[in-house]
Amino acid sequence: MYDVIVIGGGPSGLMAAIGAAENKAKVLLIDKGNKLGRKLAISGGGRCNVTNRLPIDEIIRHIPGNGRFLYGAFSVFNNEDIISFFENLGIELKEEDHGRMFPVSNRAQSVVDALLNQLEQLRVEIKVNSPVKEILFKDHQTTGIVLETGEKISSKSVVVASGGKSVPQTGSTGDGFPWAIAAGHTISELFPTEVPVTSSENFIKDKTLQGLSLRDVALSVLNPKGKPLITHQMDMIFTHFGISGPAVLRCSQFVVKAQKKWKLDEVTLALDALPERRKEDLYNELIKVIKDESKKTVKNALKGMLPERYLLFLLERSGIDPGAICSSISSEKLRTFVEMCKQFSFRVNGTLPLEKAFVTGGGVSVKEIEPKTMASKLMPGLYFCGEVLDIYGYTGGYNITSALVTGRLAGTNAALSSN
Ligand SMILES: Cc1cc2nc3c(=O)[nH]c(=O)nc-3n(C[C@H](O)[C@H](O)[C@H](O)COP(=O)(O)OP(=O)(O)OC[C@H]3O[C@@H](n4cnc5c(N)ncnc54)[C@H](O)[C@@H]3O)c2cc1C
């Protein structure tokens, strides 16, 4: 008989097992794959974006999916605690742009290895290649689990850390959701977040801009009345199916939500390629350039203001021949061009599927979870942590932070409740 069984060896499950074992529980960690921490090992481009050093309010703001539910958890264990935790395990971290924290080694595997080492130190029992089939409940109490092989294992409590449904090759195939339902929980509808966006605009189908990266642009998702629902200023890239890159990943969940809310086949995005410049200033600046360089071609006079392919694309869309000489350009066309620079609108029709998303939106409703312990409010002895919960953040270490924090609380409290 174990005190605590943890299902899933991602960041939330590894941390839950450590938290439980530190509180003297007899712990079994089970994973269906042959290795633990597979998704963690490919996160942050293989460097593992362990957490983020922004202030807590900022962290919460970067978790648009129920981030506020985490205020209680952060009061017990937060991003600074994660940093100290890893430093105590001998993993030195460094801060990069936007507060993102990475191991100095730049190797995600070093983070995974440190966690595995700690599990060994704490004598946590580990079973890999062992898919869990269901969780056992008796007389309104969690009593253990059954493996796919039919083997039953008893425990006083069970921590579900089985992840979402994205990138299923890593083992996250959504197995935890039916278990939660069996315990009486509600699952908020699953959807892809942090995912590339698709478009059937002709310029995408024709691959006119394929491979073009734009730096530090402002991308907005518009509601049906043309007002921005959200704007993100970051980099983006045009692909053969649509758009991708950090600004797009962050906007993607708003595309999905707008489609659902207003039953839309297509959603309009607006791209501001020069967000630091005010429209009127830009117009006056261009009028001056065109006047000063009146004998040059437009293309040459405006060289450098935008990446060349995007400049030519917008000039053509504004009805300006890039090879025409500046003196021939009407102020009306120049205005249209400035409009295009500041707000190039185009339609998108969805995203790549959930399997291709970095993160799963939706999951076990947080209304049914105790915010400071991660205990189920519905089933004694049952705990949830990580991406199986309806908590989803932007990439940048926010999801891993949520997984580690909720994992820590789930494991610790599962152990305390078993004493
Ligand atoms: C390519 C990529 C890059 C990412 N980069 C970032 C980033 O930079 N920053 C960030 O914050 N987030 C990032 N994420 C998201 C982040 O990795 C996840 O949010 C996080 O791993 C979720 O942790 P978890 O412990 O909840 O679940 P997972 O890491 O998904 O782990 C779940 C575990 O449960 C096991 N399991 C599932 N079902 C069963 C079963 N029936 N029986 C036994 N075991 C089972 C699985 O095998 C798996 O090991 C990235 C994701 C991907 C795919």
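How many residues surround the ligand, and which are the closest? The count is 36 residues, where a residue is near the ligand if one of its heavy atoms lies within 4 Å of it. The closest are Ser 12, Asp 31, Ser 172, Asp 175 and Glu 387.

A word on the model before I go on. It is predicted, so local features need pLDDT of at least 70 and side-chain atom pairs count only at pLDDT 80 or more, while totals for chains, interfaces and linings use all residues. Residues are numbered from 1 along each chain as its sequence is written, and side-chain values use heavy atoms, with hydrogens and water left out.

Back to the ligand. I will use polar contacts here, meaning pairs of N or O atoms within 3.5 Å; within protein, one must be able to donate a hydrogen and the other to accept it, and residues adjacent in sequence count only if both atoms are side-chain atoms. The side chain of Arg 38 puts an N or O atom 3.1 Å from a ligand oxygen. Gly 397 uses a polar backbone atom, 3.1 Å from a ligand nitrogen. Ile 400 has a backbone N or O atom 3.0 Å from a ligand oxygen. On its own, the ligand has 1,000 Å² of accessible area (Shrake-Rupley method, 1.4 Å probe; for residues, only the protein chains shown count as cover), and the protein covers 96% of that.

Now the domains. Domain 1 is 2–191 + 361–418, and domain 2 is 196–351. These bounds come from an automatic or database domain assignment. Over C-alpha atoms, the two centres are 40 Å apart.

Where do they meet? In contact (heavy atoms within 4.5 Å) are 9 residues of domain 1 and 10 of domain 2. The buried area, the accessible area lost by both parts together on joining (1.4 Å probe), is about 710 Å². Carbon and sulfur atoms give 57% of it.

The interface has 1 salt bridge, that is, a side-chain nitrogen of Lys or Arg within 4 Å of a carboxyl oxygen of Asp or Glu. Lys 260 and Glu 189 form a salt bridge at 3.0 Å, N to O.

Note on methods
Buried area is the accessible area (1.4 Å probe) that two parts lose on being put together, summed over both.
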